[in-house]
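Welcome, and please get your viewer ready. We will go from the whole chain to one helix, and then to a pair of helices.

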Amino acid sequence: MSNPTGRSIIKYFLAVLLFYSGVLAAYRFFKTRILGRPDLSILMYHRVLDNPWASAVLTQPGMAVSTEVFDRQMAYLSKSRQVIRLTALAEAGRSLPRGAVAVTFDDGWRDNFTNAYPVLQKHEIPATIFLTADFVGTPKSFWFLSVSRLLREGNFTGADLSDIVRKATGIQSGSDTRPAADHTGVTGSVDADPFIESLKDLDPETLERVIAAMRERSPAAADAGDDDKPMLSWEEVIEMQSGGVEFGSHGCSHRILTRLPGAQAQDEITGSRIIIEERLGRKTDCFSYPNGDYNAQVKAAVEQAGYLCAVTTRGDRLAAKSTDRFSLRRIAVHEGISVGPRGRFSKAMFVWHLARNL
Ligand SMILES: [Zn+2]
């Protein structure tokens with residue numbers, strides 16, 4: 001964990017001041033009653049880890065919350081807000097209880113079962129988990145986990161990576177037009193996030209070649225291996241379903257739908273629904289756009305496939321004021337948004353984050 005900075009200390013004291021003076025409550029009143037913003041918050045989680053700072057997600061801190069902080073967040077919600085199921089929210093439309101909250105998880109990580117589920121049960125919080133249908137019960141996982149681990153352990157330079165990407169894309173197209181991006185930060189070490197971002201446009205075969213080339217160039221890092229079972233199994237999913245957790249679809253393979261030909265996007269949207277419904281014997285009503293990306297065609301395909309609603313990711317301007325059931329906006333939650341300068345849970349910080357993002 002990093003040391004508290006001056007900025008984080010000021011932010012924390014400001015949150016405490018606004019919370020305990022009642023300003024935050026007034027702010028929420030202003031936004032919802034005066035400006036007419038819907039008084040509901042759909043929270044978006046990914047991973048819940050015992051020690052987020054020790055594991056591979058360190059390269060993507062926005063994806064994790066610690067089990068301890070998650071427990072405190074759920075305790076606060078169960079006491080202070082009405083937590084409802086996402087499908088109930090989609091069905092209820094505007095007649096929602098004031099300050100309604102829905103808790104959602106993307107991707108289908110195994111820690112949702114081992115770490116989040118006991119906390120959800122303890123506080124009787126309903127939740128929705130969006131499964132990446134092809135990954136459930138298999139060792140398949142997200143390519144970015146392999147890439148970020150290889151980057152961390154492999155001593156790649158920006159030039160190495162540009163070379164790898166150029167060769168991998170060259171084989172496919174014959175004439176590579178992709179610019180050899182410079183992935184080297186000011187310190188000379190490789191910055192994982194922009195590199196991962198630049199790979200998102202590649203088709204799966206090319207991506208495979210990039211990862212294979214990275215492994216080849218750094219055999220020691222490749223040998224260290226990935227976590228062999230990071231995703232949920234169907235048994236775990238079924239157990240959680242009987243405990244009141246609802247499941248939605250996050251596509252089959254997590255490919256970004258706006259970058260696929262229409263028929264392939266359709267397969268991801270409809271195929272995942274069929275797989276999940278067959279396994280769970282229950283309707284799959286909610287969809288979560290992989291990477292949060294959608295357009296008019298993708299949205300229409302989700303609606304036609306029979307889903308009741310679809311969620312986006314925060315930062316999505318299209319969805320900001322919308323009450324459209326197929327572009328429901330969410331508030332991203334991770335460790336940093338609800339802890340004080342010493343890394344402990346702060347109710348004021350959490351409430352501030354929710355109010356700011358209404
Ligand atoms: Zn995802």
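The expected span of a helix is 1.5 Å times one less than its number of residues. Keep that rule at hand for the second stop; note too that this model is predicted.

**Stop 1: the whole chain.** Show everything as a cartoon, and you can look for 14 helices and 9 strands. Colour by burial next: of the 358 residues, 35% are buried. If you draw a contact map, count the pairs at least 6 apart in sequence; 68% of those contacts join residues at least 24 apart.

**Stop 2: helix α1.** Select residues 6–20, which form α1. How far apart should its end C-alpha atoms be? With 15 residues at 1.5 Å each, the rule gives a span of 21 Å, and the end C-alpha atoms are indeed 21 Å apart, so the two values agree. Now move just past α1 to G22, where phi is positive, at about 90°.

**Stop 3: α6 against α9.** Two packed helices are described by the angle between their axes and the distance between the axes. Select residues 143–154 for α6 and residues 204–217 for α9: their axes lie 10 Å apart, at an angle of about 25°. Angles under 35 degrees count as roughly parallel, and therefore α6 and α9 are roughly parallel to each other. Their crossing is left-handed.

Next, show side chains at this contact. On α6, pick W143, S146, V147, L150 and G154; on α9, pick L207, I211, M214 and R215. Colour these by class and you will find 6 nonpolar, 2 polar and 1 charged residues.

Terms used. Residues are numbered from 1 along each chain as its sequence is written. This is a predicted model: local features need pLDDT of at least 70, side-chain atom pairs count only at pLDDT 80 or more; totals for chains, interfaces and linings use all residues. Helices (H or I, at least four residues) and strands (E, at least two) are DSSP runs, numbered from the N terminus. A residue is buried if 20 or more other C-beta atoms lie within 10 Å of its own, exposed if 12 or fewer, and partly exposed in between; C-beta atoms are placed from the backbone. Two residues are in contact if their C-beta atoms, placed from the backbone, lie within 7 Å. Axes are lines fitted to C-alpha atoms, for helices over the stretch in contact, and angles run from 0 to 180 degrees between N-to-C directions. Angles under 35 degrees count as roughly parallel, over 145 as roughly antiparallel, 65 to 115 as roughly perpendicular and the rest as oblique. A crossing is left-handed if the near helix is turned anticlockwise from the far one by less than a right angle, and right-handed if clockwise. Ala, Val, Leu, Ile, Met, Phe, Trp, Tyr, Cys and Pro count as nonpolar, Asp, Glu, Lys and Arg as charged, and the others, Gly among them, as polar.
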